[in-house]
Amino acid sequence: MRTLNVALGDRAYPIHIGPGLLTRADLLLPALKTPRAIIVTNDLVGPLYLQTLRATLEGAGVRVSSVELPDGESHKDWMTLNLIFDALLEGRCERSTTLIALGGGVVGDMGGFAAATYQRGLPFIQVPTTLLSQVDSSVGGKTAINHPLGKNMIGAFYQPRLVLADTATLGTLPPRELAAGAAEVIKYGLIRDREFFVWLEANLERVMARDPEALAHAIERSCRNKAEVVAADETEQGERALLNLGHTFGHAIETGMGYGEWLHGEAVAAGTMMAAELSRRLGWLGEADVARIGALFERAGLPVWGPVLGVDRYLDLMSHDKKVEAGRLRLVLLRSIGQAVLHADAPREDIAAAIAARCR
């Protein structure tokens, strides 16, 4: 097991990474306020891992209830969120009940938002079961649901008390979901860790083949990058925004295509290529850099071209981005591989040209 710490003062919490952690009551119990918990999962992950986690907790004397949500990004909405609130109320859960999110990014985001708002805050544990959630969405306290006009536009910053990343759960992850997670792994190398990007170029096939050592290293390195950024800028006032490389373009793809048509990581990969193309047009990246980035995404089985929605549609959807400030669209771009910047002065015609160049 590898353990990292998210340094947030009296709200600091550990990230445990390793196989077989769902059976480790000794890791879970310190994060519970009282011996009562509710597990939020979905109808895909629940049949695989709910009973194991429940048995671990009940074997340690914890009273456990659970709720299963429908799987998929298309259900990340108010209606599905209310299923969690229904279970909390019907179970007479108190403010000291710990909510445990068992699943991927959608379950983690929705479980976290429910924990943040039910009785104004419950203790919260993340148990991510996908590569994307283990390296990104479970760490840092972002919780949200989607709106028809924009992804993750309704939510709260709410930190978990523990992140328990059992790498054994990745053994049942479909290849497409594994590739989607790889997009976020590659992102860390691009924004702030050039050495990691070079390591990925040499070892990506091992990661995608689920080699235990390579996968554990990629997860730990990604989480370490995320934890350092979150500790420095918890509520995204500055540096944390750099973690959204490719996301402004990517969220437009997800919203424009309909939630669930593109996986989040797929949209981020195509969106990152748009950001790289815009960076090239601004004179920061060379054509060889853009090709190098695209080659790594393609080796992971990710798309490097966005869907043809129309440039105006992209720009309209991007105008709802959370990084819009005083009416100006701030984009995360690349000065070089390993150095991201937040830039608000890209000419609209260059943004439009970059989108058009990376769609087919």
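In this predicted model, the largest nonpolar core has 77 residues, and Ile 293 and Phe 297 are those with the most contacts inside it. Nine residues of this core come from helix H6 (residues 175-192), which gives the most to it. In general, nonpolar side chains of soluble globular proteins tend to be buried together. Apart from neighbours within four places in sequence, Phe 297 touches Ala 183, Ile 186 and Leu 190. The contacts of Phe 297 also include Ala 269, Thr 272 and Met 273, as well as Leu 302 and Val 304. A second core, separate from this one, has 22 residues, among them Val 67, Val 106, Phe 124 and Ile 145.

**Buried residues with polar side chains**

Three further residues can be taken one at a time. Their relative accessibility and place are listed here.

| Residue | Relative accessibility | Place |
|---|---|---|
| Ser 222 | 0% | helix H8 (residues 212-232) |
| Ser 138 | 1% | loop between helix H5 (131-137) and strand E7 (142-147) |
| Glu 266 | 11% | helix H10 (residues 264-281) |

Ser 222 counts as buried because its relative accessibility is 0%, where the cut-off for buried is under 20%. The side chain of Ser 222 reaches the backbone oxygen of Ala 218 at 2.8 Å. With neighbours within four places in sequence left aside, Ser 222 is in contact with Val 135, Val 185, Tyr 188 and Phe 196.

Ser 138 has 1% relative accessibility and therefore also counts as buried. A polar atom of the Ser 138 side chain lies 2.7 Å from the backbone oxygen of Ser 133. Beyond its neighbours within four places in sequence, Ser 138 is in contact with Gln 126, Pro 128, Ser 133, Pro 160 and Val 163.

Glu 266, at 11% relative accessibility, counts as buried. Leaving aside neighbours within four places in sequence, Glu 266 is in contact with Arg 176, Ala 180, Leu 302 and Pro 303. Leu 302 is also a contact of Phe 297. The C-alpha atoms of Glu 266 and Leu 178 are 11 Å apart, although the two residues are separated by 88 residues along the chain.

**Cavity and pocket**

Empty space inside a protein can be found by rolling a probe the size of a water molecule over the atoms. In the whole structure, a search finds one cavity of 30 Å³ or more. The largest cavity holds about 100 Å³ of space and is lined by 13 residues. Of these, Lys 151, His 251, Leu 317, His 320 and Asp 321 lie nearest the centre of the cavity. Strand E8 (150-157), helix H9 (247-257) and helix H12 (311-318) are the elements that give two or more residues to this lining. The largest share, four residues, comes from H9. By class, the cavity lining has five nonpolar, five polar and three charged residues.

The second largest pocket has a volume of about 240 Å³. Its lining is made of 14 residues, and the closest to its centre are Leu 122, Pro 123, Tyr 158, Gln 159 and Arg 161. The lining of this pocket has six nonpolar, two polar and six charged residues.

Notes: Residues numbered from 1 in each chain as written. Predicted model: local features only at pLDDT ≥ 70, side-chain atom pairs only at ≥ 80, totals over all residues. Heavy atoms only, no water. Core = buried A, V, L, I, M, F, W, Y, C linked by side-chain atoms within 4.5 Å. Buried < 20%, exposed > 50% of the residue type's maximum accessible area, 1.4 Å probe, protein only. Contact = heavy atoms within 4.5 Å. 1 Å grid on protein atoms, 1.4 Å probe; cavity = no way out; pocket = protein on both sides within 12 Å on 5 of 7 lines; lining within 4 Å. Points joined across faces, edges and corners; volume = space filled by probe spheres on them. Nonpolar A, V, L, I, M, F, W, Y, C, P; charged D, E, K, R; others polar. Polar contact = N/O pair within 3.5 Å; in protein donor to acceptor, adjacent residues only side chain to side chain.
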